Amino acid sequence: MPVVRGLAIAGLVLSAAACGTPSPMTPSAAVSPPIAPRDATDVSVHDERRIDDYFWLRRRDDPRTLAYLRAENAYADAWFAPHAALEETLYREMVSRVKQDDDSVPWRDGDWWYSTRIAEGEQYPRHVRRRAVGADRRFDAGAREETLLDLQAMAADRPFLALGLHTVSPDAALLAYTLDLTGGRDYTLHVRRIADGHDDRWTMAEVESAEWAADGTSLYYVTMDAAKRADKLWRHVVGSDVPDALVYEEKDELYNLEIGRTRDRRYLLLVSSSKDANEVRVLDATTPSEPTPALRTIFPRRTDVEIGRASCRERV
């Protein structure tokens, strides 16, 4: 909460301090602001000479980078210290205007209604579901609730946690989800058995997207390279010791891959996208056990052309 709180009200504190009575302590009187040293680096490109004096700040492993960021944080803390009471006042006023406990609108997928809930004083929601009732599969608020992910509990004793994708298998027994624990888009894929909340020992790092095949055990996922470009599609069989199979690799550095599905779950769609074009391949989701799944290109890439797609009566 301190990080979120500080970011949320820093601007208001600055405005209020500037418009009110002058602070008894100014930044210059308390501590001098840190000055980043210049270190000229040639970043010339396209025959245009460019010198960046602060390129070294991009290097995470440069010890000067962390030292400078700590100095900036110390300077900010010193500046805000005299405004602690104002900061608390602004924070409490903003919190008083926000509903602290809230439920999302439930949505149905198959025989289950899914929703999220956040309790007062918590920063992370719980992802829950209830079984649909009756032939019309209606929502029943009194039905027994199952927890898919309790992010508040999962975030305990961790400096950072972000949920990426989360998708339930067609038989509603398994949950595939990704977590980033660093803040650097370092998403790791996990598979959870919903009935008992147990996570499979298998995990996969640097996953951008994932989707289930119709059998409920074959999981297709896209991994990222060192530059965070989504470039490889893999197939994993839950509970199997067979190495994951590489299904497709996007070798054009201008394109990123994403795996999805049609609403009827009949097909998986592999989309290669750049800034102004894309290409769509389709995979029959009902035949995941084939040794080499057949990807069929239905919309080849064309410059300045972006394609939308959907399924209708078992056709894409």
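## The main nonpolar core

In this predicted model, the largest nonpolar core is built from 15 residues. Met 154, Leu 161, Val 168 and Leu 175 are the ones with the most contacts inside it. Four elements each give two or more residues to this core: strand 5 (112-118), strand 7 (145-150), helix 5 (151-154) and strand 9 (174-180). Strand 9 supplies the largest share, with 3 residues.

As a bit of background, nonpolar side chains in soluble globular proteins tend to be buried together.

## A look around Met 154

Which residues does Met 154 contact, once its neighbours within four places in sequence are left aside? They are Leu 149, Leu 161, Tyr 177, Leu 179 and Arg 192. Leu 161 is thus a contact of Met 154, and both belong to the residues with the most contacts inside the core.

## A second core

Apart from the largest core lies another, this one of 14 residues. Its members include Leu 233, Leu 257, Leu 283 and Ala 285.

## The four-stranded sheet

If you turn to the strands next, you will find an open sheet of 4 strands, arranged in the order 12-13-14-15 with antiparallel pairing. Strand 12 (207-212) and strand 15 (245-249) form the edges, and each of them pairs on one side only. On average, and with direction ignored, neighbouring strands of this sheet are turned by 20° against each other.

For a handy place to check the pairing, try strand 12 and strand 13 (residues 218-224), which run antiparallel and are joined over 5 bridges. Here Ala 210 has Tyr 221, in strand 13, as its bridge partner.

Terms used. Residues numbered from 1 in each chain as written. Predicted model: local features only at pLDDT ≥ 70, side-chain atom pairs only at ≥ 80, totals over all residues. Heavy atoms only, no water. Core = buried A, V, L, I, M, F, W, Y, C linked by side-chain atoms within 4.5 Å. Buried < 20%, exposed > 50% of the residue type's maximum accessible area, 1.4 Å probe, protein only. Contact = heavy atoms within 4.5 Å. Pairing = 2+ DSSP bridges. Axes fitted to C-alpha atoms, helices over the stretch in contact; angles between N-to-C directions.
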